[in-house]
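Subject: A structure for you to look at

Hi there,

Here is the structure I promised to pass on to you. Please open it beside this email and follow along as you read.

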Amino acid sequence: MSGAIDYALWIPVLPIVAFPIILFLGNVFKGTDAWRGRWKEGGTIATVVMGTSLGLSIWLIIGYIGQVTGHESVGQVGNWLSFHMVENGNLVSYSFGFGMYLDHVSVMLLFVASFLCFLIAIFSLGYMNSDPVNLDRNHRFYAEFLLFCAGMLGMVLADNFLWLFIFWEIMGLCSYLLIGFYYERPSASYAAKKAFLTTRVGDVFLLIGLLILWNLFGSLDFSVVWAEDNIAAVDAGTLKIALFMMFVGAVGKSAQFPLHVWLPDAMEGPTPVSALIHAATMVNAGLYLVARMYPFFASPAMSGEFTDLAILIAWIGGITAFMAALIAFVQKDIKKVLAYSTMSQLAYIFTGLGAALWFANTGHEEIALLAFGASMFHLFNHAMAKGMLFMASGSVIHEMHHAHHEVAHHDGEHEGHGDNDHFDAQDMSNMGGLASKMPITATAMAVGSASIIGIPLIGGFWSKEGIVGAAWKACLTPGGAWMLGPALLVLITAGMTGFYMSRMWFMTFAGKPKTPVANGVVEQTPFIPIPLVTLTVMTLGGIVFAGFEFVHWVADGHAEMHFSHVLSGIGAEMSHAFLPSGEENGGLIYLVTMLTIVISTIVGPGTAMALYGGRLQKGEKAKPWLAWLVSLSARVRKNNHFDNSTWANSGLAESLHQRLHFDAWYDSAMLKIVVPFANACAWFDQHIIDGAIKGIEYGSQEGSSVIRRLTTGSGRDYIMMAALGTLAIFLLIWGVA
Amino acid sequence: MIDPMWAVVLGVCLFTIGLWGAVTRKNAIIVLMCIEIILNAVNLNFVAAAAQHGDVTGWVYTVFAIAIAAAEVAIGLAIFLSFYGHNETISLDEMELLKH
């Protein structure tokens, strides 16, 4: 362990250091050929830095897996802030150190963050640098990108809640900067403000929660607040308030109901930013925070105290999962579908964590750890799949843009970007039939969608089954009746996921091209295929991770990774997933599992095929592993007599287009509450505060005109007054003495 | 030796007389003389205290005060002369420039 840990601090520090360097170099060398060409406007530096961070992370992780079992705090790197306070007459000193805390969860997230950040850096080399809109300002993107990555890496490694919060806020800042990258567009700057302010609501709660926690424990170090004796010594009610506040912070960061409104608008940023926010960094932070609350729930001293909070977490997850999937049904923008899919999948993880916390709090430690592990595994799978999906959608959008320019040029229209306004390269109703033109992207998109849907044996399948199973187990356990809602919601959402993800794929890649632009698309941008292929392999390799007993490994601090038992591990996972277990209620859980598989792999995608499938244009051929899917969808569609136009024109669809009116409600709440409040504040400022100052001014004017009469101008009167004043002072002192 | 207490009492009497004169009289020269009396009342206190404590500091201050009083008289008389040159009076009732 000693070798890697010495350099572990550099994992977050390297990107932080590179951040100002890129900004500086970018401003100095902006526009020169070498900077644009060889240096990729800072992209080369960013890629090298993230590659180094990834290398250090992997080195650290391999050392950790090989030698450490159990949760381990790896030393205080330094004393960052210490201060002294007088409490009850005694001088007490507090200090906040910066150290690193490694356990199975942080190690997993460290890998997710550094790996995806590196791949996104490579993707950006192709995506950002070949778009003329970004010319000469890419250094800003790469600098902020690195700071963002540093925020996530630092947050994952931090060994106390204070540093966790600091890095959390760095991410909030970077999300603002990057979502508003195209600040000249009003919609982008609006989206950036919205994201920043919405997450700020959650952050205020988080800060309050941390302050309560600090008040209770006198420290924010993980090692102190998680110690069994310390937890037993504090008041359960107060601790529950603190945990609730922290959970609200997580809700804001991970875009859960009711603070979800920022996430779809965050699509205004460039696509690599979407991939970064949705897969690698930002939204995982909230889940990480909730995962960090696990020891409080598992403490025997708090047994049964927090069940309602765990149920609330599961309910928030269930509601968000269902709502986001519903809204995703009608989205036409390819990135918006993915955004709502992110919300929905994160909500799955929240439900799984809610179930895990509930089990932990009611004393079912074994099942709790399994549910916890399944949630973390879903985080891993979702990050890999969603990173890939966003990059694939970026590839589609980029090539659509390019093809549009070609078409516009040939039609003799004027060159430049003025024509962007009436062609939406992100609109799926402009696409279609891209399966033959973009084989790598189409494959990546298919595999990523399969992982999100939970097609058996691919990444997300293993974890999603675990989460649905855990929620149902919780609701079948005595006292867990309240979990029935989330359990039902996630079960239904599994089918809905199958529908909207397949709908996206078929609208984009199957059928005939719907516009001449889509007909001219060619997959040609360099660098973009590298991350797509890598992540496709990672996602398909989900079965290998399952074989490592990933779920058990992440959950149970004392399990080792069985590198040598992959095959038997896969066998165990397969029988766990597909065969009824002998435990209590095993039959019903088995039924639920099978139902999940059926509705998510057959009902959902089948409906999507019936509505949106279709054969490719004549003469076009997809790769064999995609061709069967396209022709299957064409066959399903042919035999379909289902007419969905009444649905599409119904009031429900209309309100789904309006995102279930949440934005309108929030806006009107702003108008009704915040604006009058601001007016009241303005009135208070103008009349009370300004009034007091004006009163002082007026009073002194009037008073001085009275006192002015005392100035006779005669020297003798002044001497008289001075003498009397002296006498008065003398008498006063005499009286006091 | 006389009890220094008597010197202090005399100083208080002189101070009161001087203050009374400075506040009530109209003639500027008499006011100037009254101020001299006040200063000398203070000098008397200094000397008395110096004699009681056997400390030379009080005498030194007295010498300074006399020197400053001489300078003050010279300046004061010069001001009155110039005032008389302008207004042909040195009545303090006419001196109200401070009001403006």
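What percentage of the 737 residues of chain A count as buried? The answer is 56%. Please keep in mind that you are looking at a predicted model, so every value below is computed from predicted coordinates.

**Chain A as a whole**

Chain A contains 32 helices and two strands. If you take the contacts in chain A between residues at least 6 apart in sequence, 81% of them join residues at least 24 apart. The surface that chain A exposes comes to about 30100 Å², and 66% of that is supplied by carbon and sulfur atoms.

**Where chain A and chain B meet**

On the chain A side, nine residues are in contact with 12 residues of chain B. Gly713(A), Arg716(A) and Ile719(A) supply 59% of the area that chain A buries against chain B, more than any other three residues. Between them, the two chains bury about 840 Å², with 62% of it on carbon and sulfur atoms. The count of salt bridges between chain A and chain B is zero. Residue pairs in polar contact between these chains, with both residues at pLDDT 80 or more, also come to zero.

A good place to look next is helix H1 of chain B, which runs over residues 4–24. H1(B) has 21 residues and reaches 30 Å from its first C-alpha to its last, close to the 30 Å expected at 1.5 Å a residue. The buried residues in H1(B) are Pro4(B), Gly11(B), Gly18(B), Gly21(B), Ala22(B) and Val23(B). What do they pack against? Their partners are helix H32 (715–736) of chain A and helix H2 (28–53) of chain B.

**Two buried residues inside chain A**

Ser344(A) sits in helix H17, residues 334–361 of chain A. Is Ser344(A) buried or exposed? Ser344(A) counts as buried because its relative accessibility is 0%, and buried means under 20%. Leaving out residues up to four places away in sequence, Ser344(A) touches Ala321(A), Ala324(A), Ala325(A), Thr493(A) and Tyr500(A).

Thr441(A) belongs to helix H19, residues 439–453 of chain A. With a relative accessibility of 0%, Thr441(A) counts as buried. Not counting residues up to four places away in sequence, the residues that Thr441(A) touches are Ala392(A), Ser395(A), Val396(A), Phe509(A), Glu523(A) and Leu532(A). Try finding Met388(A) as well: Met388(A) and Thr441(A) are 53 residues apart along the chain, and 9.3 Å separates their C-alpha atoms.

**Some backbone details**

Most residues other than glycine have a negative phi, and most peptide bonds are trans. With that in mind, here are three spots to check.

- Phe257(A) and Pro258(A) are joined by a cis peptide bond, with omega at about 5°. Pro258(A) is in the loop between helix H11 (236–253) and helix H12 (262–265) of chain A.
- Glu41(A) is not a glycine, yet has a positive phi of about 55°. You will find Glu41(A) in the loop between helix H3 (33–37) and helix H4 (43–67) of chain A, and Glu41(A) is buried, with a relative accessible area of 2%.
- Phe527(A), although not a glycine, has a positive phi of about 70°. Phe527(A) lies in the loop between helix H22 (516–519) and helix H23 (529–540) of chain A. At 27% relative accessibility, Phe527(A) counts as partly exposed.

Enjoy exploring!

Best wishes

Terms used: Residues are numbered from 1 along each chain as its sequence is written. Chains are lettered from A and ligands numbered from 1 in the order in which they are written. This is a predicted model: local features need pLDDT of at least 70, side-chain atom pairs count only at pLDDT 80 or more; totals for chains, interfaces and linings use all residues. Side-chain values use heavy atoms; hydrogens and water are left out. Helices (H or I, at least four residues) and strands (E, at least two) are DSSP runs, numbered from the N terminus. Buried means under 20% relative accessible area, exposed over 50%, partly exposed in between (1.4 Å probe, protein chains only). Contact means heavy atoms within 4.5 Å. Accessible areas come from the Shrake-Rupley method with a 1.4 Å probe; for residues, only the protein chains shown count as cover. The expected span of a helix is 1.5 Å times one less than its number of residues. Buried area is the accessible area (1.4 Å probe) that two parts lose on being put together, summed over both. A salt bridge is a side-chain nitrogen of Lys or Arg within 4 Å of a carboxyl oxygen of Asp or Glu. A polar contact is a pair of N or O atoms within 3.5 Å; within protein, one must be able to donate a hydrogen and the other to accept it, and residues adjacent in sequence count only if both atoms are side-chain atoms.
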